[in-house]
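Me: Could you take a close look at one part of this model for me, the small sheet and what surrounds it? I'd like one connected walk-through rather than a list.

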Amino acid sequence: MGITGPACFGFERSWFSKAIRCLPDNPGLFDASQEREAQFTLGLGNRQVRALEYWLRCSGVTQREDGSTKLTPFGELICEFDPRVEEPETWFAIHHHLSADRERASTYWFAFRRMPLSFSRSEMLAALEQEFPGKSERTYRDAVSILLSIIDRTEIGSLCRLARIKDGYVVKEEPSLLKASHLAYSICSWAEESAFRTAHVSQVLSEDGPAKPLSLSEETLLRLLNRIQQRYRKRVLWISRTAGLNSVVFAEGVESLAVLRACYLEHLQGMEPVEALRGALNGRTP
């Protein structure tokens, strides 16, 4: 497992946008035999192309299948509704996937799940060395530089309220632009991957829960969960307070991608939440 990926680059919105729009007609785009064509098509250098392919996989947008790179159902949804990768729904979902797995985007996962709310470059370097020992000094430096470049060059930095201040400090705050619908996808995706029908609020807030990469307090989380319960009329999830404990109960038969589709329908086509969810569950796009 590496902590920097195959090349020392992060990614940019335009890189993702070009790849997402090209892949449906060219699943061999990232094949070694098409190296020069990929560089020309994407407008990137060879090492940048390799880095892009890595970040697309880490974010859950693509997968390797039968020797080709294809969009996942998540990637297909982005291609359908947001091929230029401009909407907050898309970026909050990408952020969720990038921070979900220690074995994929390891440095990204570590920064959002194990580092405190504020940290310096030197503190991140020392913490990485402890978590992933045995790498070269340059590898750790590159890993931190890649993380900071993603914060600087994508919408993740502004949407997730990551501020870089002097002396290399990074400060994480609750994202003010996070809507209940954005959290609905992240928490449903997490529950789906974990095979949870119910989850205590403490699990949602834990280091491995979906609230952690968003730096949410318990108060904010409960407010957003209540909002999800109300806006979808308990058809996605609801809060149970049995025995005085706050637990989240997830509705049966509602896949996380349907929740994300409903987010797009509501935001981009002006549908009401329940109508958007009904349309998403029926696979209907007006």
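Reply: Start with Arg233, which counts as exposed because its relative accessibility is 58%. Keep in mind that this is a predicted model. Arg233 sits in the loop between α12 and β7, and its backbone does something worth a look: phi is near 55°, a positive value in a residue other than glycine. Lys234 is found in the loop between α12 and β7 too. Lys234 also has a positive phi, about 65°, although it is not a glycine. As for accessibility, Lys234 comes out at 47%, so it counts as partly exposed; the cut-off for exposed is over 50%.

Now follow the chain out of that loop and into the sheet. Three strands make it up, in the order β6-β8-β7, and the sheet is open, with antiparallel pairing. β6 (198-200) and β7 (237-240) are the edge strands, each pairing on one side only. From one strand to the next, the twist averages 25°.

Zooming in on one pairing, β7 and β8 (residues 247-250) run antiparallel and are joined by 4 bridges. If you want a spot to click on, try Ile239 in the viewer: it stands opposite Val248 in β8.

Then there are the helices. Helix α10 (residues 180-194) packs on the sheet and touches β6, β7 and β8, with its direction at about 80° to that of β8. Helix α12 (residues 218-231) packs on the sheet as well, touching β7 and β8, and its direction makes about 125° with that of β7. That brings us back to the loop we began with, since Arg233 lies between α12 and β7.

One last thing while you're in there: the cysteines. Cys188 falls within the residue range of α10, 180-194, and its sulfur is the closest cysteine sulfur to that of Cys263. The two sulfurs are 9.3 Å apart, which is too far for a bond, given that a disulfide needs the pair within 2.5 Å. Cys263 itself counts as buried, at 3% relative accessibility. Cys79 tells a similar story about distance: its sulfur is 9.8 Å from the closest cysteine sulfur, in Cys22, and that is too far for a bond. Cys79 is partly exposed, though, with a relative accessible area of 24%. For the structure as a whole, the disulfide count is 0.

Conventions. Residues are numbered from 1 along each chain as its sequence is written. This is a predicted model: local features need pLDDT of at least 70, side-chain atom pairs count only at pLDDT 80 or more; totals for chains, interfaces and linings use all residues. Side-chain values use heavy atoms; hydrogens and water are left out. Buried means under 20% relative accessible area, exposed over 50%, partly exposed in between (1.4 Å probe, protein chains only). Two strands pair if DSSP finds at least two bridges between them. Helices (H or I, at least four residues) and strands (E, at least two) are DSSP runs, numbered from the N terminus. Axes are lines fitted to C-alpha atoms, for helices over the stretch in contact, and angles run from 0 to 180 degrees between N-to-C directions. Contact means heavy atoms within 4.5 Å.
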